[in-house]
Amino acid sequence: MRSEITIDLGALRGNVKTLLRATDGAEVWAVVKANGYGHGAADCAGAALAAGAQALCVATVAEALVLRTRLPAARILVLGPASDREVAEAREATLELVVSSGEIPEDLSVHVKLDTGMGRWGLSELPAPARNVVGVMTHLATADSDADFARVQIERFRAATEQVAELTRHVANSAAALRIPESRFDATRCGIALYGLSPLGGDAAEDGLAPVLSWETEIAQSKLLRAGESTGYGRRFVAERDTWIGILPVGYADGFRRALRGTDVRVAGERCKVIGVVSMDATVIELDRALPPGTPVTIVGPGLPLEEHARVAGTITYELACGIDASPTRARRVVVGA
Ligand SMILES: *Cc1c(COP(=O)(O)O)cnc(C)c1O
């Protein structure tokens with residue numbers, strides 16, 4: 001085994017139930033774009049629906065078509081824009097489309113998106129009513145960082161949609177669903193929280209969420225660097241004294257980003273630091289002794305949350321999770337609690 005990614009669908013189902021309880025009557029729509037934030041869209045979508053999520057959201061028509069083959073009866077919303085050809089495919093596959101500009105396509109269910117302050121996709125006002133519009137939505141720019149501005153957006157949305165309150169109104173992402181009750185309306189679109197990751201970058205357990213993904217690898221080889229010897233490209237780590245190192249067979253091609261230099265992994269229960277530069281297929285850690293090949297190494301797991309790696313890399317868990325390559329040519333992917 002070079003790298004093993006375990007997806008705990010039991011944890012995902014628990015997170016959906018936590019969100020359903022927290023959102024107090026609003027529907028929970030499971031956002032499974034970007035291959036379920038790197039966790040595997042089809043497995044996560046099926047588990048989320050089984051746990052009570054009422055719909056799925058993806059970014060592209062192509063993502064939705066793949067899900068449709070596995071989940072013939074699911075309600076699937078495409079959040080991003082669609083070309084004319086994709087609109088035809090969406091109609092054929094009974095998808096629902098979000099419309100943020102131009103004409104409202106006919107003969108399929110449409111959600112109209114308003115821009116209330118995100119400054120990205122979205123119309124500045126509601127178009128003339130059309131029979132096939134089933135929902136109206138907006139997206140918050142600062143649900144995780146500035147609740148006051150989020151409330152300004154929510155109030156703009158409320159005012160702009162008062163006349164169409166019979167439509168399904170949806171605004172909240174994970175952070176808003178958990179922290180801003182007035183954002184909940186009829187449905188919430190929850191992504192990151194499904195996967196048990198904190199939308200606020202903190203401790204997901206505080207919101208009763210459990211991480212779904214864990215990532216293990218092993219020491220492929222350990223060796224002794226003599227004082228003055230270096231490891232890796234650019235000789236960015238030079239041993240000051242004789243130092244044992246462990247070579248892990250994962251690198252940035254697996255999604256273990258170069259920016260993770262300096263983060264910790266766990267070997268036999270102890271934390272070890274990533275040293276040198278992370279290369280495409282190899283990462284080096286500092287050890288306090290020789291360890292045999294095959295010694296298990298936890299990259300993400302109990303006591304080593306993805307949030308910690310994100311802080312070291314100066315990014316957010318969303319970006320790290322999407323980048324983990326669980327394809328069979330790079331890793332073994334194990335699904336538990338299915
Ligand atoms: C990705 C996305 C979400 C989910 O956001 P999380 O922060 O992951 O919960 C919700 N709404 C829209 C429009 C999105 O693009």
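This is a short tour of the ligand site and one aromatic pair in a predicted model.

Before you click, note that residues are numbered from 1 along each chain as its sequence is written, and side-chain values use heavy atoms, with hydrogens and water left out. Because the model is predicted, local features need pLDDT of at least 70 and side-chain atom pairs count only at pLDDT 80 or more, while totals for chains, interfaces and linings use all residues.

**Stop one: the ligand.** Select the ligand and show what is around it: 13 residues surround it, each with a heavy atom within 4 Å. The closest are Lys 33, Tyr 37, Ser 174, Ile 192 and Tyr 318. By type, the shell has six nonpolar, four polar and three charged residues. Now colour α2 (33-37) and β9 (187-190), as each gives the shell at least two residues; helices (H or I, at least four residues) and strands (E, at least two) are DSSP runs.

**Stop two: the contacts.** Look for polar contacts, pairs of N or O atoms within 3.5 Å. Pick the side chain of Lys 33: an N or O atom there is 2.6 Å from a ligand oxygen. Hop to Tyr 318, where a polar side-chain atom also lies 2.6 Å from an oxygen atom of the ligand. Then try Arg 189, with a side-chain N or O atom 2.9 Å from a ligand nitrogen.

**Stop three: the rings.** Four aromatic pairs are in the structure, meaning ring centres within 6.5 Å. Select Trp 215 and Phe 256: their centres are 6.2 Å apart with 70° between the planes, so the pair is edge-to-face (planes over 60 degrees apart; under 30 is stacked, the rest tilted). Trp 215 sits in strand β10 (residues 213-218), and Phe 256 is in the loop between β14 (243-248) and β15 (264-267), 41 residues apart.

Methods: Polar contact = N/O pair within 3.5 Å; in protein donor to acceptor, adjacent residues only side chain to side chain. Nonpolar A, V, L, I, M, F, W, Y, C, P; charged D, E, K, R; others polar. Phe/Tyr/Trp six-rings, centres within 6.5 Å; stacked < 30°, edge-to-face > 60°.
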